[in-house]
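Hi,

Here is the structure I promised to send over. Have a look at it first, and then read my notes underneath.

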Amino acid sequence: MSRMRLNKFLSDAGYCSRREADRLTEAGQVTVNGQRASVGMQIEEGDEVLVRGKRIVPEDQKVYLAFHKPRGIVCTAEKREKNNIIDYISYPIRIYPVGRLDKDSEGLILLTNDGEIVNGIMRARNGHEKEYEVEVDHPITGDFLKKMAEGVPILDTVTRPCRIRKTSRCGFSIVLTQGLNRQIRRMCEALGYRVCTLRRVRIMNITLGDLKVGTYRNLNQEELAELKWAIRGKEQ
C-alpha cells in the first residue's frame, strides 16, 4: 500500500464510508500508531489504524505474524475447540497457523493469510530448522545427548540426526529438521526422561526473541524476504 488518505483506507477496508470515516475521525474515535488521527491525514503501509479500539486491516492485505503461543492453546482454526489459537488472538481478518505446536508446549508459531507461504513452509517442513528449549525431569547425561543427536526409534521410524547441547543440569537446546508428532516428548520418553517444559524459540530465520507469552508481532521486511528466499530454495 502506498500513501493514501485515512478516509479512503477505512472505506477500502469495508469499515465505513469516507464521510463516516471523517465523522469518526473528528469525534476522536480513530487513532494511527497510537495517536489521535486528524481528518485528511495520510497513512502508509505498516501504520496501525484503530477505530474505537479495534484494529482495521483490509481483507486483501497480506499478514505475517510471529506469535508466542501459551501452554493450553491449540493450534487449530476449528471453532469447536474452545481453546483454539484463532479465537485467542482474535485478529481482525482471517488468518491461519502454519503447522502446529502441541497444546502442552509454548513458544513461536507463525500465522498468516498468505496461502503460498503456508504451502511453501509445509512442503519444506522436513527440511527447515526449528529450535527448542527443553527442561526434563532428571539430570541430563552424555549418553542421553549422544542418543538424541544420533536418532531415537519412535513411531516406527528413527528420528533424523539433529543438533543438541546441554544448557543446564536438566535442560537442553535442540534443533530439528523433522516434524513428527510430539517428537521431542516421544524421543525423551524413549530414553527414560519426561519433558517438564518445552518452548520453541525459532522457526527457520524467525526467532521468538523477547516476545511476551500471548502476544504477537508482524514479521519485518527483512525476515519475510529471507523466509520467502529459503522456501524457494527448498522447492528447487
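Below is what I found, going from the pockets to the cavities, then the strands and the aromatic rings.

One thing to keep in mind: this is a predicted model.

Let's start with the open spaces. The largest pocket comes out at about 570 Å³. Its lining runs to 28 residues, and the ones nearest the centre are R100, L101, K130, G179 and R200. If you want to find your way there by secondary structure, look for α4 (115-123), β10 (130-136), α6 (183-190) and β15 (195-203), the elements that give two or more residues each to that lining. By class, the lining splits into 13 nonpolar, seven polar and eight charged residues.

The second largest pocket has a volume of about 410 Å³. Here 19 residues form the lining, with E45, G46, Q61, K62 and N218 closest to the centre. Nine of the lining residues are nonpolar, five are polar and five are charged. Hold on to N218, as that residue turns up again further down.

Now for the enclosed spaces. How many cavities of 30 Å³ or more does the structure hold? There are two.

The largest cavity contains about 50 Å³ of space. Around it sit Y64, L65, V98, L110, L111, T112, I117, I121, L219 and L227. Strands β7 and β9 and helix α4 each supply at least two of these residues, and β9 gives the largest share, with three. The lining has nine nonpolar residues and one polar residue, with no charged ones. Note that α4 is also among the elements that line the largest pocket.

The second largest cavity holds about 30 Å³. L6, N7, L10, A21, D22, T25, S38, V39 and G40 line this one, and the elements that contribute two or more of them are α1 (6-12) and α2. Its lining divides into four nonpolar, four polar and one charged residue.

T25 is worth a click while you are there. This threonine lies in helix α2, residues 18-26. Is T25 buried or exposed? With a relative accessibility of 3%, T25 counts as buried, because the cut-off for buried is under 20%. Setting aside neighbours within four places in sequence, T25 is in contact with L6, V30, R36, A37, S38 and V39. Of these contacts, L6, S38 and V39 also appear in the lining of the second largest cavity.

On to the strands, beginning with β7, which you met at the largest cavity. This strand covers residues 64-69, and six of its six residues are buried. Y64, A66 and H68 point one way from the strand, while L65, F67 and K69 point the other way. Both sets are buried, K69 included.

Which strands does β7 pair with? One is β9 (residues 106-112), in the antiparallel sense and over six bridges; within that pairing, H68 has L108 as its bridge partner. Another is β17 (residues 216-218), again antiparallel, over three bridges. In that pairing L65 stands opposite N218. So much for the strand itself, but do note that L65 also lines the largest cavity, and N218 is one of the residues closest to the centre of the second largest pocket.

There is also an open sheet of four strands, in the order β3-β2-β5-β6, with antiparallel pairing. β3 (35-36) and β6 (54-55) are at the edges with a single partner strand each, so one side of each has no neighbour in the sheet. Inside the sheet, β2 (residues 30-32) and β5 (residues 49-51) run antiparallel and are joined by three bridges. V32 in β2 stands opposite V49 in β5.

Last, the aromatic rings. The count comes to four aromatic pairs. One of them is F144 with Y193, a tilted pair at 4.3 Å centre to centre and 45 degrees between the planes. The two residues are 49 apart in the chain: F144 is in helix α5 (residues 142-150), and Y193 is in the loop between α6 and β15. Both F144 and Y193 are buried. Together with F172, they form one aromatic cluster.

That's the tour; shout if anything is unclear.

Cheers

Notes
Residues numbered from 1 in each chain as written. Predicted model: local features only at pLDDT ≥ 70, side-chain atom pairs only at ≥ 80, totals over all residues. Heavy atoms only, no water. 1 Å grid on protein atoms, 1.4 Å probe; cavity = no way out; pocket = protein on both sides within 12 Å on 5 of 7 lines; lining within 4 Å. Points joined across faces, edges and corners; volume = space filled by probe spheres on them. Nonpolar A, V, L, I, M, F, W, Y, C, P; charged D, E, K, R; others polar. Buried < 20%, exposed > 50% of the residue type's maximum accessible area, 1.4 Å probe, protein only. Contact = heavy atoms within 4.5 Å. Pairing = 2+ DSSP bridges. Phe/Tyr/Trp six-rings, centres within 6.5 Å; stacked < 30°, edge-to-face > 60°.
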